[in-house]
Amino acid sequence: MTDRSDAETATAGVAQAMPLVRVEPITDRHLISLPDPTAEGLEGIVGTANSRRHAAALERLETRLPVQILTPTDADVEDLPEVFDVRIQIEADDLWDAMTTIAHHDDLRPGRIAFGLSAAEEGVDDQLAFATTYGIHRPNLGAVAVKAQRGAAVVIHGIEWQVGALYDLVTDLETAGGRPCSASVIVLTGPAVHEEAPERVVDILLAPVGGAVLVDGQVDVAPGRAAVARAGDAVSFSAAGEGCVLLVRVELPVADPWVDLIAAQATARFHPLLRADLPTSFERPIESYDGTLYDDFSKFAAEVDNALGPKAMDHAAAFARATLPPRASRDVGLLTSLAFRADPSGEVRRAHTGIVHYHRARRSR
């Protein structure tokens, strides 16, 4: 028998001290919390990647928008100017090219294209005929142009997939807010008016491109400037002069506690003690509908707190994060990935979930 070297002995000791599998009970924190950057092992790596990604997104957003727009407080909203500067590098030609591409090569079925008819001429409606070859909806652009010329506001959603600057902005907003976000373009010609209904649960950023717009017929917003339509407020936008103006519409996914409460309420139906159609008894097995939770207010309040209290709100927020759809990079496709595999140099963009952050791999020289 040969003696082990000092290195082998040290390695064996480390292996015994750090088992490959560690078993521990799952708590509520594991179910509803983000990975902890200070934890050991994979959780710490993932948590650190999330933190870096979130900080980088906020840093980029602060160069484009006022920071109080992203995290408003009551004081900020009161002091916020009606119109403010934005630094979003978008040209009108970029938006027209994107709309043309979507109309010819993407699916522009009703819902993704919509019309605002509040200022349209009599007889103008929101109906369109579509060519549906291969299941892709393509509208007649001439018919769309006629509606626009007769005062209908044309709205195309999901424009960020075709415009790089908007895509990057929307991705950072989703990272910062943890809620789904999207961008739209609105075509305003002549008397056309775009109206933001008060039923919205999110704030909307609206910035004109290619010409100025009027907010509620009074406030002039020029290109390079923007306004925010707050959730619950009715706001209208129209072209400030003659000709055609494009209006970029971006959702600001600010977390709303009321939205979390509604989500928690949706899961409260799984609490049997809150269901009036089920018998309840705390003293003996249930045999009839004689006993009910509603006879004792303290027990009823305790069950409501369990269903809609802080823990339920945490679960609702976690559910919102978990259901956020992945947003793959526009710049990395199959061919790019294959090329990187053959020559791992340059930049690989992280998954939207935050599990992997920006990774700059360089070959050793």
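# Close-up views of a predicted model

**View 1. Crossing of helices α3 and α8.** The axes of helix α3 (residues 41–62) and helix α8 (residues 164–177) cross at roughly 130 degrees and come within 9 Å of each other. The arrangement of α3 relative to α8 is therefore oblique. In this crossing, α3 passes α8 in a left-handed manner. The residues that meet are R53, H54, A57, L58, R60 and L61 on the α3 side, and L169, D172, L173, T175 and A176 on the α8 side. As in every view of this set, the model shown is predicted.

**View 2. The chain as a whole.** The chain has 365 residues, of which 34% count as buried. Its secondary structure comprises 12 helices and 15 strands. Of the contacts between residues at least 6 apart in sequence, 69% join residues at least 24 apart. The exposed area of the chain is about 21800 Å², and carbon and sulfur atoms supply 56% of that area.

**View 3. The nonpolar cores.** The largest nonpolar core contains 42 residues, and those with the most contacts inside this core are L95, I113, I159, L166, L173, L205 and V250. Helix α6 (residues 92–105) contributes the largest share of this core, 5 residues. A second, separate core has 18 residues, among them V155, I204, V215 and F237. Residue L173 appears both in the list of core residues with the most contacts and in the α8 side of the contact with α3.

**View 4. Surroundings of L166 and E160.** Apart from neighbours within four places in sequence, L166 is in contact with I90, L95, I159, E160, A183, V248 and V250. Of these partners, L95, I159 and V250 are listed, like L166, with the residues that have the most contacts inside the largest nonpolar core. The partner E160 is found in the loop between β5 (153–157) and α8. With a relative accessibility of 2%, E160 counts as buried, because residues under 20% are placed in that class. The C-alpha atoms of E160 and V185 are separated by 9.1 Å, and the two residues lie 25 residues apart along the chain.

**View 5. V187 in strand β6.** V187 has its place in strand β6 (residues 183–189). Its relative accessible area is 7%, and V187 is buried. Along the sequence V187 and L246 are 59 residues apart, whereas their C-alpha atoms are 4.9 Å apart in space. Beyond neighbours within four places in sequence, V187 is in contact with W96, M99, A152, A153, V154, C244, V245 and L246.

**View 6. Helices α10 and α11.** The axes of helix α10 (residues 297–308) and helix α11 (residues 310–322) come within 4 Å and cross at roughly 20 degrees. Because this angle is under 35 degrees, α10 is described as roughly parallel to α11. On the α10 side the contact is made by D305, N306, A307 and L308, and on the α11 side by P310, A312 and M313.

**View 7. D260 in helix α9.** D260 lies in helix α9 (residues 257–267). At a relative accessible area of 10%, D260 is buried. Not counting residues up to four places away in sequence, D260 touches R179, M313, A316 and A317. One of these partners, M313, also takes part in the contact between α10 and α11. L308 is 48 residues from D260 in sequence, with a C-alpha to C-alpha separation of 9.5 Å.

**View 8. P198 and a contact across sequence.** P198 is found in the loop between β7 (193–196) and β8 (203–209). Its relative accessibility is 36%, and P198 counts as partly exposed. With neighbours within four places in sequence left aside, the contacts of P198 are G232, D233 and A234. The C-alpha atoms of P198 and D233 are separated by 4.6 Å, although these residues are 35 residues apart along the chain.

**View 9. Backbone conformation at D216.** D216 is found in the loop between β9 (213–215) and β10 (219–221). Although D216 is not a glycine, its phi is positive, at about 55 degrees. D216 is partly exposed, with a relative accessible area of 41%.

Technical notes: Residues are numbered from 1 along each chain as its sequence is written. This is a predicted model: local features need pLDDT of at least 70, side-chain atom pairs count only at pLDDT 80 or more; totals for chains, interfaces and linings use all residues. Side-chain values use heavy atoms; hydrogens and water are left out. Helices (H or I, at least four residues) and strands (E, at least two) are DSSP runs, numbered from the N terminus. Buried means under 20% relative accessible area, exposed over 50%, partly exposed in between (1.4 Å probe, protein chains only). Contact means heavy atoms within 4.5 Å. Accessible areas come from the Shrake-Rupley method with a 1.4 Å probe; for residues, only the protein chains shown count as cover. A nonpolar core is a set of buried Ala, Val, Leu, Ile, Met, Phe, Trp, Tyr and Cys residues joined through side-chain atoms within 4.5 Å. Axes are lines fitted to C-alpha atoms, for helices over the stretch in contact, and angles run from 0 to 180 degrees between N-to-C directions. Angles under 35 degrees count as roughly parallel, over 145 as roughly antiparallel, 65 to 115 as roughly perpendicular and the rest as oblique. A crossing is left-handed if the near helix is turned anticlockwise from the far one by less than a right angle, and right-handed if clockwise.
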